[in-house]
Amino acid sequence: MKDLMRIKCLLSSEIETLINQQIKKEALSSAIYLSMASWCNRNGFDFSAEYFFKQAEEERQHQLKFFKYVLDMGGTAISPEITNIKQEYNSFREVFEDALDQEISVTQSIKNIAARCHKEQDYVTLEFLNWFFREQREEEYKARRALELFEVIGEEGTGRWQIDKHVGQISYDSEAN
């Protein structure tokens, strides 16, 4: 029966495994962003807290998009267990450095899935991943711009307050959308 079910699944077991790993990575990202929102809130960075709450919800939506794709393709989507989320940060800037690192990690993971899809000629999944590549371009851009605020504004005096105020205003508007 297992072989019959695999025949009915439009994903290879390798790609299904990679997508399930991506589901976990998206869930992890959501949890990390919630932790960042909590830290920002506790430290008086209300605009940044709101920014990270929105990021957490976006990552959860990405997780669900991957989850539903696996199911739609006849595979088995796995609900991940997420533990050991960092709760404390040494600085306001560290929160945004970690956010950029997380986005870069997610992009690399999606690129790894795409590389496997090319190898297997799984063009259906490749087409599905294109939406995520556009999304990651935006997410990395916003994370980089947030970090640039630390350089442009500086943290002295009211700098962190100004940075916090500007974080929520970062947007990505590209003709290439």
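## Overall architecture

Of the 177 residues of the chain, 44% count as buried. The structure described here is a predicted model. Its secondary structure amounts to 6 helices and 0 strands, and the order of elements from the N terminus is α-α-α-α-α-α. Measured out along the principal axes, the C-alpha atoms occupy a box of roughly 65 × 35 × 20 Å.

## Helices α2 and α4

Helix α2 covers residues 13-42, and helix α4 covers residues 92-120. The two pack at an angle of about 170 degrees, and their axes lie 10 Å apart. Because angles over 145 degrees count as roughly antiparallel, α2 is described as roughly antiparallel to α4. The residues that form this contact comprise 16 nonpolar, 6 polar and 7 charged.

The length of α4 can be checked by simple reasoning. With 1.5 Å a residue, its 29 residues should span 42 Å, and the C-alpha atoms at its ends are 43 Å apart, so the two values agree. Just after α4, Q121 adopts a positive phi of about 55 degrees.

## Aromatic pairs

Across the whole structure, a search finds 16 aromatic pairs. In one of them, the ring centres of F45 and F92 are 3.7 Å apart and the ring planes meet at 10 degrees; the pair is therefore stacked, since planes under 30 degrees apart count as stacked. This pair joins distant parts of the chain: F45 belongs to the loop between α2 and α3 (46-72), whereas F92 belongs to helix α4, 47 residues away. Both F45 and F92 are buried.

F45 and F92 are also members of a wider group. Ring pairs connect them with Y33, W39, Y51, F52, Y89, F96 and F150 in a cluster.

## A charge over a ring

A contact of another kind involves K65 and W131. The charged end of K65 sits over the ring of W131, at 3.9 Å from the centre of that ring.

## H118 in helix α4

Helix α4 also contains H118. Is H118 buried or exposed? Its relative accessible area is 53%, so H118 is exposed, given that the exposed class begins over 50%.

H118 may also be located relative to F96, a member of the aromatic cluster. The two residues are 22 residues apart along the chain, and their C-alpha atoms are separated by 33 Å.

Definitions and conventions
Residues numbered from 1 in each chain as written. Predicted model: local features only at pLDDT ≥ 70, side-chain atom pairs only at ≥ 80, totals over all residues. Heavy atoms only, no water. Axes fitted to C-alpha atoms, helices over the stretch in contact; angles between N-to-C directions. Helix = DSSP H or I, 4+ residues; strand = E, 2+ residues; numbered from the N terminus. Parallel < 35°, antiparallel > 145°, perpendicular 65-115°, else oblique. Nonpolar A, V, L, I, M, F, W, Y, C, P; charged D, E, K, R; others polar. Expected span 1.5 Å × (residues − 1). Phe/Tyr/Trp six-rings, centres within 6.5 Å; stacked < 30°, edge-to-face > 60°. Buried < 20%, exposed > 50% of the residue type's maximum accessible area, 1.4 Å probe, protein only. Lys NZ or Arg CZ within 6 Å of the ring centre and 35° of its normal.
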